[in-house]
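Hi,

Here is the structure I promised to pass on. Have a look at it first, and then read my notes below.

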Amino acid sequence: KEYNTALPIFILASIFPDLSIRYRREFLQSLLKPANFAAFAPTTSFFDYLSAFQCVMDNCKLLLVNALTEFGVIPLQLPPYPRRNVAGLSDDNLKPNPWFLSDVCCTSCENDVHNVESNNSDVGHCHLPSDDLEGFCKDIEGLILELNPAIERCWNLHHQISRKLTIAFAECFVFSKCLTSVSQKFHKAEDDDQNSSPTKSSDIFTLHWRFGLQGLCELIVMLQERSCWEVSCLMLDCLLGVTYSFCLDGVVGIICSTIKNVSCSAPRISWRLQIDKWLSSLISRGIYNSQESEVSLIDLFCTLLAHAEPEQRIVAVKHLGILLGQCTNGERAEMNSKICTDFIRNKLVLSIPNYVLSRLVSSTWDEVVVLASSDLSLQIRIHAMALLSNYIPFAEHHHLQSFLVAADSICCLCNAQPSQEGPILQLSLALIAYACLYSPAEDISLIPQKVWENVETLGSTKHGINLYPCYICMKWAFYNFGLCYTSFNITFCYLLLF
C-alpha cells in the first residue's frame, strides 16, 4: 500500500535550510522515489505533492541565491546589452518583458537571503569543500529531472501551481549550474594560491551565468525528448525572458533547435503557435548578429517556410518581413516600403548589417519564391510577394536572372482575370519593376514577351489601378538599357505605380 508522503515532505522542506549539508543531500536523494508520485498516487493527492515540492524548490532557491551572493555573483551589475532591439518595437503587445532570473540583478534578493540567515541556518557554502557544493547542486538537478514528467501529467489538473513549480525548476537549475561553475573556479584559485575571492568583474561572472543558461537549454532538449511539451515550452519562455543584459549568442543554436523541434514534433497546435512569440523575442534581442546565430536562424526559417501548416509558414514570412523591413540606411527604395507596409508592418527600426540580410535572402530565396507563386493560401501568397519585393535589393545575380526568366509563372500576369485585380496584381507588377531596377540592363531581355503583352492588355482594359504607365515604364527600361541606373530611379517608379 502506498502512503501519501506529501505532508512529511512538506514538513522536512520547511526546515530544509536549518539542516547541515549532509542531511540536505540525503533529503534530496530520498525524494527521487516520491518524485514519480503521478505514477502511483491518486489524483486527489496531486496538489499535496505539488505543494510539498514547491516548498522544497523555494528553499533550494533561497540556499542557492545565498551561496551565489556570498561568492559575489549576486547581485550582478550587467552592462546594457548593445544589440537589443526592443526599443524599436512599435507594438506594445509584442514587446517582450524580461522577468526571468530577476534575483540576479535585483538587490531585493538580499532580503530573502537575510530571511534565511535569520533562521539561524548555516548556509556558508563558500566555506564548504568544492565536492560538497557540487554534490548538493547535482542532487537538486537530479531531483528536477525526476520531477518534470510528473509535473507534465499534472498540468491540466493543476495548471497554476504546475506553472509556478516549473518556473522554480528553471530558476534553481540555472542557479545550480552557475554555482557549480563559480565554485570550481573559486576553489581552483585557492589551490593555485591565488586570491581567495573571485575577481568581481561582470565579464567573469557573466561567463558563469552563460554556463547556467546553457544548462537550462540542455534541460529543455531532454524534456522535449521525453515528450514533456508543457514544461519545456514554459522553460523556453523562461530562457527568452531573461534580462537583455544577458547575451544569448552562445546558446542561440540550441534555442533555434528547440523551436524547430516544437514546430516539427509538438503534437498540439497550441504549442506550435508559440513559435511566433519566441521568434519575436529572438529578433528583439538582436541575436542574428553572430555567425552561429545566422546559421541557426536560417535553418529555422527554412524549416518554417517549408512547413506543411500554413500557420507556421505565415509566421516565418512575417518575421522575415520584419527583419528585411529594418534596413533604413538609404539603400532601400521608398516604393518598397510603400508597398510592403500595406501587408507587413515593420515593428523594428534598428538596422541589420547588409551582409546578414544578403545571406538570409540567399538561403531562403527559393522557399519564398515557391510560397509567392504557388501557395494555396492567398494571404500567404500576398505576404510572400511583399517579402520577395524586399528580397530583391539583396538578391544574388543568379536569383534575379531566374526570377526574370520565370516572371510569367511567378507573377500573376499570364491570364489576366478580374479576380486577380488588387494586391496580387499590384505586387506582381511591382516585383517585375524591382527586378528591372536591380538587374543589369542586358538581363531585362530575359523577361518573357508574354509578360509585356499581358501588362499592355491589363493597362488598356482594367479599371481602378492605372497599369499602363507601369507597362510604359518597364518597356522604356527595356529599350533604354543604359538608363536603368540613372533615369529609371526609385522615385520615378514610385510615381508611376501610385
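What follows is a short tour of the side-chain contacts I went through.

Before anything else, please keep in mind that this is a predicted model.

Let's start with the aromatic rings. Searching the whole structure turns up 8 aromatic pairs. One of them is F37 with F53, a stacked pair whose centres are 6.1 Å apart and whose planes make an angle of 20°. F37 sits in the loop between α2 (21-30) and α3 (46-71), while F53 belongs to helix α3, so this pair ties together parts that are 16 residues apart in sequence. If you go looking for these two on the surface, bear in mind that F37 and F53 are both buried. They also have company: ring pairs link F37, F46, Y49 and F53 into a cluster.

Next, have a look at helix α2, where R22 turns up in two contacts. R22 lies over the face of Y23, 5.1 Å from the ring centre. R22 also forms a salt bridge with E26, and the closest N and O atoms there are 3.3 Å apart. Why are the two separated by about one helical turn? Because E26 and R22 are 4 residues apart in helix α2. As for accessibility, R22 counts as exposed, at 53% relative accessibility, whereas E26 counts as partly exposed at 37%.

That salt bridge has some company too, as the structure holds 11 of them. Two others that I'd point you to are further along the chain.

- D299 and K260: their side chains meet in a salt bridge at 3.1 Å, N to O. D299 lies in helix α13 (residues 291-305) and K260 in helix α10 (residues 252-265), so the pair ties together parts that are 39 residues apart in sequence. D299 is partly exposed, with 38% relative accessibility, and K260 is partly exposed as well, with a relative accessible area of 27%.
- R272 and E309: here the side chains meet in a salt bridge at 2.7 Å, N to O. R272 is in helix α11 (residues 269-272) and E309 is in the loop between α13 and α14 (310-324), so this pair ties together parts that are 37 residues apart in sequence. Both R272 and E309 are buried.

Now for the surface. Which residues form a nonpolar patch there? They are L7, F10 and I11, and together they have about 300 Å² of accessible area. I11 is found in helix α1, which covers residues 6-14. With 48% relative accessibility, I11 counts as partly exposed, because the cut-off for exposed is over 50%.

Last, the cysteines. How many disulfides does a search of the whole structure find? The count is 0. Take C55, which is in no disulfide: the nearest cysteine sulfur, that of C60, is 9.6 Å away. A disulfide would need the two sulfur atoms within 2.5 Å, so at 9.6 Å C55 and C60 do not make one. C55 is buried, with a relative accessible area of 13%. C217 counts as buried too, at 1% relative accessibility.

If you'd like a place to begin in the viewer, try the ring cluster of F37, F46, Y49 and F53, and then move on to R22 with its neighbours Y23 and E26.

Cheers

Notes: Residues numbered from 1 in each chain as written. Predicted model: local features only at pLDDT ≥ 70, side-chain atom pairs only at ≥ 80, totals over all residues. Heavy atoms only, no water. Phe/Tyr/Trp six-rings, centres within 6.5 Å; stacked < 30°, edge-to-face > 60°. Buried < 20%, exposed > 50% of the residue type's maximum accessible area, 1.4 Å probe, protein only. Lys NZ or Arg CZ within 6 Å of the ring centre and 35° of its normal. Patch = residues over 30% accessible without salt bridge, like charges linked within 9 Å, V, L, I, M, F, W, Y side chains within 5 Å. Areas by Shrake-Rupley, 256 points an atom, 1.4 Å probe, with all protein chains shown as cover. Salt bridge = Lys/Arg side-chain N within 4 Å of Asp/Glu carboxyl O.
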